[in-house]
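User: Please take a close look at a single part of this model and guide me through it slowly. I am a first-year student, so give me the meaning of each term when it comes up.

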Amino acid sequence: MVHAQSALEADAAETALSTADLTQMYRTMRLITSTGEHAVGEVKAGRLKSAFYPVRGLEGACAAMGVAMLTEDQLVSNYRSLGDALAKGASLRSIVAEIYGRADGTSKGKGGAMHIHDQSVGFVTSTGVVGSGIPIAAGLGLAAQLDGAARAVVSVFGDGTTSIGAYHESMNLASLWNLPMVFVCQNNQWAEHTPIAEYAASTDLAARAEAYAMPSLAVDGFDPIATAQQLRTALGRARNGGGPTFVEIKTYRLTGHSGSSDYSYMPTDELAAATERDPAPTFRRWLLDEGVLDEQALAEVDKEVIAEVEDAFAFAQDSPQPAASERYTDVFADEKVVSAL
Amino acid sequence: MTTTAESTTTTSQDETTRMTMAVAMNSALDLALDGDEKVILLGEDIADPAGGVLKVTRGLSSKYGTGRVRATPISETAIIGTAIGAALAGYRPVAEIMFMDFMGVCLDQITNHAAKLRYMSGGHSTIPITIRTTVGEQRFGAQHSQSLEAWFMHTPGIKVVMPSTAIEAKGLLASCVADDDPCLFIENVRLAFSQKQEVPVGDYRIPLGEADVKRPGADLSVITYGPAVHTALATAETLADEGIDLEVVDLRTLIPLDMASVMDSVAKTRKAIVLHDATTFCGPGAEIAARITEELFGKLDAPVKRLGAGYHPAPYAPSGLSYLPTSDELADTARELLGY
């Protein structure tokens with residue numbers, strides 16, 4: 001098992017991050033934070049009736065994945081998918097419109113916040129049942145292998161998912177068949193309202209991969225550069241026929257389980273320590289300190305992100321409700337099957 | 001309604017050979033693998049030498065390779081999930097779940113994903129998978145026997161197919177593989193080897209959603225599918241001696257459901273029995289009987305009857321505790337309805 005060292009020490013040529021990569025990562029982090037907080041605000045204000053699962057704390061993990069994945073790589077996410085979707089380049093306007101359940105949403109308003117997708121950028125699907133996306137990602141991996149294509153498939157899930165059968169079946173199958181996959185476990189330390197030590201017999205999630213003869217590593221999710229470099233290595237291995245890798249990204253959920261839930265059960269010291277490392281502002285300081293971007297360039301990114309998010313929410317709120325006739329479309333390819341029942 | 005298989009090929013159009021239903025299904029899969037490189041097979045023990053629990057896939061891994069005809073771990077959730085994922089990437093997977101009772105192991109993948117992804121994606125995702133499974137073998141006990149088709153009829157988004165003859169098994173399976181939606185194809189163990197017919201050697205398809213009148217009759221309609229079709233046909237011969245003329249309608253597919261053919265038949269005979277191996281209570285017959293009553297209330301001469309399995313798990317005792325509807329029960333029910 002490989003445990004990643006500090007990001008800033010590892011600079012192998014193939015995983016090195018360019019200024020463009022670093023800028024994109026910062027931009028993605030800000031976009032995730034801003035969109036997520038805007039959505040939660042709308043839910044709490046009662047203007048948005050959506051079971052929205054916040055992604056605060058995951059910004060660095062998601063942004064790292066965004067620069068590590070190539071356009072042709074495919075991603076399957078879960079119900080806490082906003083960060084994954086934005087990192088993969090899915091349309092912000094379409095995503096927000098879907099969260100609002102409007103006609104211009106990714107699924108014409110029929111999927112909702114838990115079922116975001118954008119096939120045009122390889123964000124294939126996201127599922128609302130814990131662990132259920134992992135075997136589907138394995139199928140995409142099998143297809144890539146059968147196609148002889150140099151593309152990798154990433155399955156993103158939380159730490160709570162490592163308790164369910166679909167995960168174990170898929171880990172075994174992917175390793176057995178040497179599928180071109182990366183299993184990305186965003187370990188935010190909480191399975192809904194239960195802390196990891198109370199549901200996992202072993203909290204070293206990366207160690208479990210050894211039982212499936214799968215290479216694995218754990219990386220600090222608050223260190224986005226290390227995370228991106230490790231993901232690049234794992235994705236490169238998958239694309240080159242080296243098989244799957246399990247990557248545990250250790251992070252922390254900076255909010256409750258759902259958009260409107262109480263989170264007084266989370267220990268205040270843990271939460272405070274994690275909040276100190278809040279990904280976007282921390283990364284902003286680092287970029288400034290290291291001279292990667294100056295204040296003016298960072299402020300420009302901030303300004304663009306705010307404008308983009310405001311535009312997306314305005315677009316979603318102006319988007320029409322789905323037509324009543326949409327209820328019975330997309331059940332089957334042939335609508336007559338339904339009308340004849 | 002159709003009564004014959006229509007060939008879609010120009011070669012071997014008229015050539016037939018005597019096949020069991022199992023061999024006919026093997027032929028359908030062979031032609032599908034040969035005709036479309038995106039067709040792949042997944043399932044436990046499906047590769048040679050095992051060739052599947054009913055030998056339906058025998059020879060196919062040797063012919064097309066273990067890349068496309070792929071034996072899997074005992075992982076029903078991963079089998080169906082992998083099929084769904086491959087379908088999302090343009091493949092047409094055919095997944096085998098050894099016994100229908102095992103559907104519970106992978107029900108989430110079937111009902112929450114295969115059946116819903118088209119809808120939840122607003123039509124962007126297409127899941128052209130076929131799930132083959134077997135049913136109807138009593139000697140294994142309650143966890144390998146039950147007819148659970150009603151579960152899937154009750155889940156919008158998946159088609160449900162159950163053939164009664166070798167010719168139809170081949171033509172319907174070919175249609176399932178070519179269909180752009182998930183299809184559940186249910187193979188009856190007793191029919192797999194007992195049904196033998198002259199079956200076209202070439203490729204042909206029988207459209208999903210078209211019932212077939214297996215026996216025209218004037219006095220009473222038996223609406224049925226799968227193995228119970230043969231119970232109905234045998235009963236019809238017995239009752240013919242008493243001057244009772246049964247019409248036997250084989251639904252062939254439960255979703256799509258050809259209610260127009262059912263209504264045509266019952267409007268003519270004015271009496272109906274719905275017969276199946278599935279549990280009567282909340283079974284497919286409950287829906288069909290209710291629909292007949294709703295639409296033909298004024299034309300019926302007798303109440304619509306349902307005959308199926310009792311409300312209990314499938315018992316083991318192979319000869320002592322038979323539980324599937326019998327020809328005698330069907331005959332008695334028919335006589336009762338003729339008395340109205």
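Analyst: Between chain A and chain B the count is 1 salt bridge, a term that stands for a side-chain nitrogen of Lys or Arg within 4 Å of a carboxyl oxygen of Asp or Glu. The side chains that form this salt bridge are those of A:Asp147 and B:Lys38, at 3.2 Å from N to O. Across the interface of chain A and chain B there are also 16 residue pairs in polar contact, both residues being at pLDDT 80 or more; such a contact is a pair of N or O atoms within 3.5 Å, one able to donate a hydrogen and the other to accept it, with residues adjacent in sequence counted only if both atoms are side-chain atoms. On the side of chain A that touches chain B, strand S3 (123–126), helix H5 (133–147) and helix H6 (165–176) of chain A each give two or more residues, and H5(A) gives the most, with 10 residues. Helices (H or I, at least four residues) and strands (E, at least two) are DSSP runs, numbered from the N terminus.

This is a predicted model, in which local features need pLDDT of at least 70 and side-chain atom pairs count only at pLDDT 80 or more, while totals for chains, interfaces and linings use all residues. Residues are numbered from 1 along each chain as its sequence is written, chains are lettered from A and ligands numbered from 1 in the order in which they are written, and side-chain values use heavy atoms, with hydrogens and water left out.

Taken as a whole, the interface brings 41 residues of chain A into contact (heavy atoms within 4.5 Å) with 43 residues of chain B. The two chains bury about 3300 Å² between them, 66% of it on carbon and sulfur atoms, where buried area is the accessible area (1.4 Å probe) that two parts lose on being put together, summed over both. In chain A, the residues that lose the most area to chain B are A:Glu169, A:Phe332 and A:Leu341, which together make up 18% of what that side buries.

Chain B, the partner in this interface, contains an open sheet of 7 strands with mixed pairing, in the order S4-S3-S5-S6-S8-S7-S14; two strands pair if DSSP finds at least two bridges between them. Strand S4 (69–71) and strand S14 (253–255) of chain B stand at the edges with a single partner strand each, so one side of each is left without a neighbour in the sheet. Direction ignored, neighbouring strands of this sheet are turned by 20 degrees against each other on average. At the S14(B) edge, strand S7 (residues 159–161) of chain B runs antiparallel to S14(B) and is joined to it by 2 bridges, with B:Val160 having B:Ile255 as its bridge partner.

Two helices can be followed on this sheet. Helix H1 (residues 21–35) of chain B touches strands including S3 (39–43) and S4, and its direction makes about 130 degrees with that of S3(B), where axes are lines fitted to C-alpha atoms, for helices over the stretch in contact, and angles run from 0 to 180 degrees between N-to-C directions. Helix H7 (residues 166–178) of chain B also packs on the sheet, touching S3, S5, S6, S7, S8 and S14 of chain B, with its direction at about 155 degrees to that of S8(B).
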